Amino acid sequence: MASTKHVTSIEPEKESLLNKHTENHFTAGDVVRDIIIGVSDGLTVPFALAAGLSGANATSTIVLTAGIAEVAAGAISMGLGGYLAAKSEADHYAREMKREQEEIIAVPDTEAAEVAEILAQYGIEEHEYRPVVNSLRKNHEAWLDFMMKFELGLEKPDPKRALYSAMTIAIAYILGGIVPLFPYMFIPSASEAVVFSVVVTLIALLIFGFAKGYFTGSKPFRSAIETALIGAIASAAAFGLAKAFHS
């Protein structure tokens with residue numbers, strides 16, 4: 001009876017500790033990745049296009065028309081790419097889960113040995129992991145989930161992930177693409193508008209690069225400089241080539 005009282009006194013204590021402890025982990029990695037993909041391309045590609053057309057002495061109307069067309073096409077293309085990538089990931093998970101499920105049924109002893117091998121890699125002794133293996137063999141759903149995560153390293157994807165990814169990337173691309181085109185909406189002369197476009201876009205790239213570094217765990221200031229530098233190189237190259245061909 002003494003041991004029973006000891007166990008029951010521990011359980012509320014564990015529950016209390018779990019309730020008090022809050023882990024602040026960043027769990028929106030997929031969404032942030034989609035936003036980064038969309039905004040980075042949205043800022044850079046229309047920026048380079050606008051700079052290139054300005055270098056060819058096009059009017060602001062032409063630059064704006066071409067830029068809007070590019071943003072629309074780019075958003076559709078990038079969104080579709082995100083959808084197909086997420087769909088392929090989900091299809092791959094489904095295929096591997098079916099294969100693993102068949103193996104659990106066909107060769108359970110082999111799969112159980114694989115569980116034991118995985119646990120042993122974490123320094124768990126045989127007398128410690130044997131009850132875990134036996135427990136998993138009694139629960140096929142938990143067994144399958146364990147194998148998917150620890151043998152194959154696959155997490156179950158969100159069924160709506162493909163659609164969300166497509167929408168996130170497309171919207172992010174549009175928001176990013178509007179920035180370098182904004183000055184052309186108000187300044188008739190493309191040669192003047194391109195100067196404001198460069199300033200506005202480089203500021204946006206610096207802010208975006210800083211935010212990207214902050215959320216991804218890298219150095220924010222370094223990320224800001226790298227992102228702005230890439231955009232500047234792309235636009236300078238487009239502007240220079242347009243000038244060269246126009247001459």
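This is a short chat about helix packing, one serine and the record's membrane spans in a predicted model.

Mentor: Ground rules: the model is predicted, so local features need pLDDT of at least 70, side-chain atom pairs count only at pLDDT 80 or more, and totals for chains, interfaces and linings use all residues. Residues are numbered from 1 along each chain as its sequence is written, and side-chain values use heavy atoms, with hydrogens and water left out.

Trainee: Why are helix 3 and helix 6 called oblique?

Mentor: Their axes, helix 3 being residues 60-106 and helix 6 residues 140-151, cross at roughly 125° and come within 10 Å. Under 35 degrees is roughly parallel, over 145 roughly antiparallel, 65 to 115 roughly perpendicular, and the rest oblique. Helix 3 and helix 6 are therefore oblique. The crossing is right-handed.

Trainee: Which residues make that contact?

Mentor: On helix 3, Tyr 93, Glu 96, Met 97, Glu 100, Gln 101 and Ile 104; on helix 6, His 140, Trp 143, Leu 144, Met 147, Met 148 and Glu 151. Contact means heavy atoms within 4.5 Å. By class, that is seven nonpolar, two polar and three charged residues.

Trainee: What makes helix 3 roughly perpendicular to helix 4?

Mentor: Helix 4 covers residues 108-120, and the two axes cross at roughly 110°, coming within 5 Å. That angle makes the pair roughly perpendicular. Glu 100, Glu 103, Ile 104, Ile 105 and Ala 106 of helix 3 meet Pro 108, Glu 111 and Glu 114 of helix 4. The split here is four nonpolar, no polar and four charged.

Trainee: What does the side chain of Ser 40 reach, and what makes that a polar contact?

Mentor: Ser 40 sits in helix 2, residues 29-55. Its side chain reaches the backbone oxygen of Ile 36 at 2.6 Å and that of Ile 37 at 3.2 Å. A polar contact is a pair of N or O atoms within 3.5 Å; within protein, one must be able to donate a hydrogen and the other to accept it, and residues adjacent in sequence count only if both atoms are side-chain atoms. Leaving aside neighbours within four places in sequence, Ser 40 is in contact with Ile 35 and Phe 208.

Trainee: Where does UniProt list "transmembrane region"?

Mentor: The unreviewed entry gives residues 162-187, 193-215 and 227-245. In the model, residues 162-187 are 77% helix and 0% strand, with end C-alpha atoms 39 Å apart. Residues 193-215 are 100% helix and 0% strand, with ends 32 Å apart. Keep in mind that such annotations may be inferred rather than shown by experiment.

Technical notes
Helices (H or I, at least four residues) and strands (E, at least two) are DSSP runs, numbered from the N terminus. Axes are lines fitted to C-alpha atoms, for helices over the stretch in contact, and angles run from 0 to 180 degrees between N-to-C directions. A crossing is left-handed if the near helix is turned anticlockwise from the far one by less than a right angle, and right-handed if clockwise. Ala, Val, Leu, Ile, Met, Phe, Trp, Tyr, Cys and Pro count as nonpolar, Asp, Glu, Lys and Arg as charged, and the others, Gly among them, as polar.
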